[in-house]
Amino acid sequence: MVRKSDNTSTFESTRRRKRLDEDEIFSPEEQARFEAMRSEDFDEGPIDDGPPVGDRWSIWDDSEPLQRGPKPWPEWIVTDLGAVDYELGVLKTGKEADVFLIERAVPDTDRAVLMASKRYRSAEHTQFNRAGDYTAGRTARRSRDRRAMEKRTRFGLEQAAGRWAAAEFDALKRLYAVGVAVPYPVQILGTEVIMEFIGTGRTAAPRLAETKPDEVELESLWEQACENLRLMTEQGFAHGDLSPYNTVVHEGRLVVLDLPQIVDIYANPKGGQFLIRDIENLGSWFTAKGLERHDVDELMNELLTIAGMS
Ligand SMILES: Nc1ncnc2c1ncn2[C@@H]1O[C@H](COP(=O)(O)OP(=O)(O)OP(=O)(O)O)[C@@H](O)[C@H]1O
Ligand SMILES: [Mg+2]
């Protein structure tokens with residue numbers, strides 16, 4: 001107890017000293033400006049009148065044309081200005097991103113579509129800010145330096161998250177265009193990528209790793225894996241993180257997910273290694289299920305030949 005009050009008083013006097021220093025160094029006008037900057041941080045901006053139903057207005061219209069999926073738009077896309085988005089829950093939380101199930105619906109009609117919304121983490125969810133929450137209240141007023149640093153960190157993290165999202169959206173668009181089985185990319189806005197939901201009802205399709213295919217199904221899934229890898233290699237890309245966890249199976253169809261780290265196999269000095277690793281990671285799951293190793297080797301040779309690396 002005694003210790004605690006000691007700490008508090010030391011802290012209080014430091015704080016008073018800090019305030020005094022500021023009064024001495026800055027003119028009243030400058031101080032007024034700082035105060036205004038400080039209160040800006042707490043300004044929550046204009047109050048947004050949410051839609052009468054749903055969790056937000058559809059953000060479809062907030063994306064620029066290039067931030068939307070390639071045309072022709074699938075018939076299930078909801079583009080109505082009056083549409084709303086419902087948050088239906090989390091499909092998966094990850095280190096860098098969380099994937100949510102959302103529904104975009106036109107109120108008072110039967111037009112609605114389920115979609116997956118992958119949101120890259122920015123400032124609010126990082127350890128940095130959790131640390132900030134933890135210490136909140138310890139300081140009545142944080143120092144200018146610290147506030148400036150936090151602002152920059154927040155900005156930096158927001159930027160990084162936005163870049164990952166943009167990279168994933170771009171990869172989805174490119175690969176979708178050449179026929180790789182990826183979810184149709186609906187739109188990107190900031191750190192959020194909205195794509196086709198692969199699943200039945202509200203249940204996401206199982207990851208390849210969770211499936212137990214019989215011999216015929218295994219053969220079919222392997223054929224599809226080969227074809228998807230062929231198409232990507234022809235475009236000069238390796239997935240970069242291909243595995244039975246980043247592929248799902250929906251009604252017998254293999255769909256490739258999680259593409260922000262897609263690798264340009266020519267520009268990247270380790271491009272060939274990424275390609276080989278992708279084939280190995282997926283191939284070893286298939287051989288564990290009964291595929292002949294010979295088939296994996298054959299694919300390896302074929303793809304390295306396509307890439308001009310054999
Ligand atoms: N379009 C989609 N449709 C259905 N399920 C999806 C979709 N996108 C992602 N998921 C589910 O969410 C999981 C995580 O997605 P993804 O791999 O893209 O994110 P991640 O943050 O990289 O996750 P991790 O770090 O676990 O790899 C997938 O394994 C899949 O189960
Ligand atoms: Mg993943």
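In this predicted model, strands β2 (residues 84-93) and β3 (residues 97-105) are paired in the antiparallel sense over 8 bridges. Within this pairing, Val-90 has Phe-100 of β3 as its bridge partner. The two strands belong to an open sheet of 6 strands, arranged in the order β1-β2-β3-β4-β6-β5 with antiparallel pairing. The edge positions are taken by β1 (56-57) and β5 (185-189); each has a single partner strand, so one side of each lacks a neighbour in the sheet. Helix α4 (residues 144-177) packs on the sheet and touches β4 (112-120), β5 and β6 (192-196). The direction of α4 makes about 160 degrees with that of β5.

**Salt bridges**

The count of salt bridges in the model comes to 17. Three of them are set out below, with the distance between nitrogen and oxygen.

| Acidic residue | Basic residue | N to O distance |
|---|---|---|
| Glu-192 | Arg-119 | 3.4 Å |
| Glu-150 | Arg-146 | 3.2 Å |
| Glu-280 | Arg-293 | 2.9 Å |

The salt bridge of Glu-192 with Arg-119 lies within the sheet described above. Glu-192 is in strand β6 and Arg-119 in strand β4, so the pair ties together parts that are 73 residues apart in sequence. Both residues, Glu-192 and Arg-119, are buried. They also take part in a network of salt bridges that links Arg-56, Asp-85, Glu-87, Arg-104, Arg-119 and Glu-192.

Arg-146 and Glu-150 are both in helix α4, 4 residues apart, which means that about one helical turn separates them. Arg-146 is partly exposed, with a relative accessible area of 32%, whereas Glu-150 is buried at 7%.

Glu-280 and Arg-293 connect two helices. Glu-280 lies in helix α6 (residues 271-288) and Arg-293 in helix α7 (residues 293-306), so this salt bridge ties together parts that are 13 residues apart in sequence. Glu-280 is partly exposed, with a relative accessible area of 29%, and Arg-293 is likewise partly exposed, at 35%.

**Helix α6**

Helix α6 has 18 residues, which at 1.5 Å a residue should span 26 Å; the end C-alpha atoms are 26 Å apart, in agreement with that expectation. The buried residues of α6 are Gly-271, Gly-272, Leu-275, Asp-278, Ile-279, Leu-282, Gly-283, Trp-285 and Phe-286. Among the elements that cover these buried residues are α5 (215-234), β9, β10, β12 and α7. After α6 comes Gly-290, whose phi is positive, near 125 degrees.

**The magnesium site**

Which protein atoms serve as donors of the magnesium ion (ligand 2)? The protein donors are Asn-246, through OD1, and Asp-258, through OD, and they lie 2.1 to 2.2 Å from the ion. Asn-246 is in the loop between β9 (237-238) and β10 (247-250), and Asp-258 is in the loop between β11 (253-256) and β12 (263-264), so the pair ties together parts that are 12 residues apart in sequence.

Are the two donor residues buried or exposed? Asn-246 has a relative accessibility of 11% and counts as buried, because the limit for burial is under 20%. Asp-258, at 21% relative accessibility, counts as partly exposed.

Notes: Residues numbered from 1 in each chain as written. Chains lettered and ligands numbered in written order. Predicted model: local features only at pLDDT ≥ 70, side-chain atom pairs only at ≥ 80, totals over all residues. Heavy atoms only, no water. Pairing = 2+ DSSP bridges. Contact = heavy atoms within 4.5 Å. Axes fitted to C-alpha atoms, helices over the stretch in contact; angles between N-to-C directions. Donors = N, O, S within 2.8 Å, 3.2 Å for Na, K, Ca; no water. Buried < 20%, exposed > 50% of the residue type's maximum accessible area, 1.4 Å probe, protein only. Salt bridge = Lys/Arg side-chain N within 4 Å of Asp/Glu carboxyl O. Expected span 1.5 Å × (residues − 1).
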